[in-house]
Amino acid sequence: MSANPTFAIEVHKAQTSKIGDVDFNNLPFGNVFTDHMLYCDYKDGKWGTPVITPYAPMPMDPSSRVFHYGQAIFEGMKAYKDENDDVWLFRPDQNFIRFNKSAVRLAMPEVPEDVFIEGLKQLINLDKEWVKKGKGNSLYLRPFMIATGHGVIASPSQEYRFMIIMSPAKSYYSGEVKVLIAEHFSRAANGGIGAAKAAGNYSAQFYPTKLANEEGYQQVIWTDDATHTKLEEAGTMNVFFRFNDTLCTAPTSERILDGVTRKSILELAESEGLNVEVRPVLVTELVEGIKNGSLKEIFGAGTAAVVNPIIGFKYQDTYYELPKQEKPLSLEIKEKLTSIQYKLAEDKFGWTVKI
């Protein structure tokens, strides 16, 4: 992290706060936003002054390239408040690195560390009261960048806007999750933008997920685009499989996002002495694992839910229910990881960063 920021951030405070109108016990995820936001514009080949301003709509030219050619990337992060009222980020360096990898892949300018990290810190400090104490409470952070240059010629924009908006969040729980294993649709392809956190990756998932919802399934487990035999991601999350006492997940690739929660789970599991395998996992292994009893758990991993257990899956017109575990490994991992995030357990990895 930069010790001496080179970008001075211009701050315009809101005259009044909306916080008194918010029911923090009943928060729909990602629908309520704090008093302030940050933006920084890229023009003439360089980044301008970052500005923190009251949260508000902004004017956009109808021909802005983001509307026509989809140059848009984002990150998902959280801030947590401990029992001493200190606020912490979880591995922000990893989000910063991944954000700029996404930018490079979409021919967008890289965002300076001072703008991304220092911008986050100052913005959170300004809206610190929106971060509530207690396990399950957090402040969801959404850094993103869009192409703002105007004109409908099919080429990269010459102008961009980097922004950060923030939304208070409760513990994310989506109930029992049943998934459909993809046999036709793909999340991403070799040579594509699957490893980037690009907006288009998510919009492309909406239709096959809608079809799965209509069949009574909450999410799709995506398979490789070439053979549809290798398991890759679950919905918008990385996915883990527990065979007996071994935890497996697919290796990252051009098709699979390098999730921060994913890599944290892998490091945590290895430090606990668990058997961990990062390797291609086949659909046939799941079916065989159900039949011989070796498949114990499947769970998704991501920023919003941290860990989301999956109770069953459908493949080739057959639904397979997973056995119920007396002590699910997925929930044990979630408990240990969230305890680090909320400073309720020792952070021996150095993942947490104080605001």
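The following paragraphs describe the surroundings of two residues, aspartate 35 and glutamine 325, in a predicted model. Residues are numbered from 1 along each chain as its sequence is written, and side-chain values use heavy atoms, with hydrogens and water left out. Local features need pLDDT of at least 70, side-chain atom pairs count only at pLDDT 80 or more, and totals for chains, interfaces and linings use all residues.

Aspartate 35 is found in the loop that runs between strand 1 (10–11) and strand 2 (36–43); strands are DSSP runs of E with at least two residues, numbered from the N terminus. Aspartate 35 is buried, that is, under 20% relative accessible area with a 1.4 Å probe and protein chains only. Aspartate 35 nevertheless has no salt bridge, a term for a side-chain nitrogen of Lys or Arg within 4 Å of a carboxyl oxygen of Asp or Glu. The nearest side chain of opposite charge, that of lysine 18, is 4.7 Å away. The backbone nitrogen of lysine 18, however, is reached by the side chain of aspartate 35 at 2.8 Å. In addition, the side chains of aspartate 35 and tryptophan 130 are joined by a polar contact of 3.2 Å (a pair of N or O atoms within 3.5 Å; within protein, one must be able to donate a hydrogen and the other to accept it, and residues adjacent in sequence count only if both atoms are side-chain atoms).

Glutamine 325 has a relative accessible area of 24%, and is therefore partly exposed. Its side chain reaches two backbone oxygens: that of proline 323 at 3.3 Å and that of lysine 296 at 3.4 Å. The C-alpha atoms of glutamine 325 and lysine 296 are separated by 7.4 Å, although the two residues are 29 residues apart along the chain.

Definitions and conventions. Helices (H or I, at least four residues) and strands (E, at least two) are DSSP runs, numbered from the N terminus. Buried means under 20% relative accessible area, exposed over 50%, partly exposed in between (1.4 Å probe, protein chains only). Lys and Arg count as positive and Asp and Glu as negative; His and the chain ends are not counted.
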